[in-house]
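Work through the exercises below with the model open. Try each task before you read its solution.

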Amino acid sequence: MGKSNGMIEIITSLYFALFFILWMNCLVGNTYEIKKSKFPTALFSIALIILLVGLRWNTGTDWNSYKDLFDTITFDNFNDIRHFDIGYKFFNVLINSITSSYSFFLFMDSLVAIGLIYKALGKIDTNRLVSILFFFVGYCIAHYFGSNRRIIAIGFVFCGLVYIYKEKKAIAILFLIMAFLFHRSSIISFIALFVPRKRYSYKQYVLVLLFCFVVGYSGLLFSILDKILSVVSLPGSYIIKSAMHYIRYGAEESSFSHYILATCKRLIFVITMLYFERNCKNKSPVFAYFFNLYIISICGYFLTSKISIFQILTTYFAISEIILWGNVFKYSSKKNKEYLMLIFLFLGTIQVLNSFPMYKDLFIPYISTFSKTYRRMY
């Protein structure tokens, strides 16, 4: 009964309503008539998401810690605050110097973070409406209703990935550095500079995924890293110290059933993408590079299964999937596009139902900055 009630709460929530609007926008916005009218359907979709994220109040995770930072940070105590990244601290001070309204800060945070995604999508060969749909169901609820600093880092990394593909490495590195200033974990994204653009065989992809699955679930990777850190002297930076701490004391894995379900979801995504991409009449060169990034994210998910906190690092690569879905849809036949829209409806529903973390009551009901409703945050 509890699970059933929880599902009904989600389906009747504002989050699910927005998902359906975005799905309908894909359906209608990709018609010849709407395209000919030049109605900014993609901008309309992204604006709805920005408003949902930016106008929330007492909704989402980590509410108190981020609000307390905004309320207390000044240039005088800037260097005394150690647990937040310098870029995010500066962003707080900048907005705070304009207004003390945390609602305004959240809106600007949302505008920057999601605006970067929209900017990057406009520079790559994909269907933006489909990409925005998958951005919302796959990443927005799970990440953009809590980690104010990491979402900006994700936006900068996403722009960096696009510019890496476009072979504008100087601009790409600048975006990756900006991401690092907002969240240190984004340093992992520099790996993208060395990801090949070539397409590998299905057998090679399967072997790599299988290897990472076995190594990850055995815990072998972290055992090796622990041994290396025990004998190698490394600079005592915050990043290294944090990594050492979590490797040695942060073992926290998901249940086997959750791990298998998450694995199956990713494999279903991969198989579906490959099937429809294979049947595209025109092959886009964009697919290979971003598919390799997505495979890296799955490998990373497998390898870090024994210490789940590290799995968040895979988000920087996994978000490449929104380009893949849009790219496949763009080059599919009219008949396959109809099939894909039905698949998107199914996959999107599953994604929304599984997007909420353990504390679902922090999200439902959605509370806006204009509401007088109070929710106890913890």
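The exercises cover ring pairs, charges over rings, a surface patch and backbone geometry in this predicted model.

**Exercise 1.** Classify the ring pair Phe134 and Trp325: stacked or edge-to-face?

Solution. Start with the total: the count comes to 35 aromatic pairs. Now take Phe134 and Trp325. Their ring centres are 4.8 Å apart and their planes lie at 15°. Planes under 30 degrees apart count as stacked. So this pair is stacked. Next, place the two residues. Phe134 is in helix 8 (residues 128–143) and Trp325 is in helix 17 (residues 321–331), so the pair ties together parts 191 residues apart in sequence. Last, check burial. Phe134 is buried, and Trp325 is buried too.

**Exercise 2.** Find which ring faces Lys89 and Lys337 lie over.

Solution. Take Lys89. It lies over the face of Phe78, at 4.7 Å from the ring centre. Then take Lys337. It lies over the face of Phe329, at 5.4 Å from the ring centre.

**Exercise 3.** Which helix gives the most to the nonpolar patch?

Solution. List the members: Ile86, Ile173, Leu174, Ile177, Met178 and Leu181 make a nonpolar surface patch of about 480 Å². Helix 10 (residues 169–182) gives the most, with 5 residues. Ile86 sits in helix 6 (residues 86–96).

**Exercise 4.** Compare the surroundings of Asn58 and Asp62: buried or partly exposed?

Solution. Begin with the backbone. Asn58 is not a glycine, yet its phi is positive, about 50°. Asp62 also has a positive phi, near 55°. Asn58 lies in the loop between helix 4 (41–54) and helix 5 (63–72). Asp62 lies in the loop between helix 4 and helix 5. Now accessibility. Asn58 is buried, at 8% relative accessible area. Asp62 is partly exposed, at 43%.

How values were computed: Residues are numbered from 1 along each chain as its sequence is written. This is a predicted model: local features need pLDDT of at least 70, side-chain atom pairs count only at pLDDT 80 or more; totals for chains, interfaces and linings use all residues. Side-chain values use heavy atoms; hydrogens and water are left out. Rings of Phe, Tyr and Trp (its six-membered ring) pair if their centres lie within 6.5 Å; planes under 30 degrees apart count as stacked, over 60 as edge-to-face and the rest as tilted. Helices (H or I, at least four residues) and strands (E, at least two) are DSSP runs, numbered from the N terminus. Buried means under 20% relative accessible area, exposed over 50%, partly exposed in between (1.4 Å probe, protein chains only). A charge sits over a ring if NZ of Lys or CZ of Arg is within 6 Å of the ring centre and within 35 degrees of the ring normal. Patches are made of residues with over 30% relative accessible area and no salt bridge: like charges are joined within 9 Å, nonpolar side chains (Val, Leu, Ile, Met, Phe, Trp, Tyr) within 5 Å. Accessible areas come from the Shrake-Rupley method with a 1.4 Å probe; for residues, only the protein chains shown count as cover. A salt bridge is a side-chain nitrogen of Lys or Arg within 4 Å of a carboxyl oxygen of Asp or Glu.
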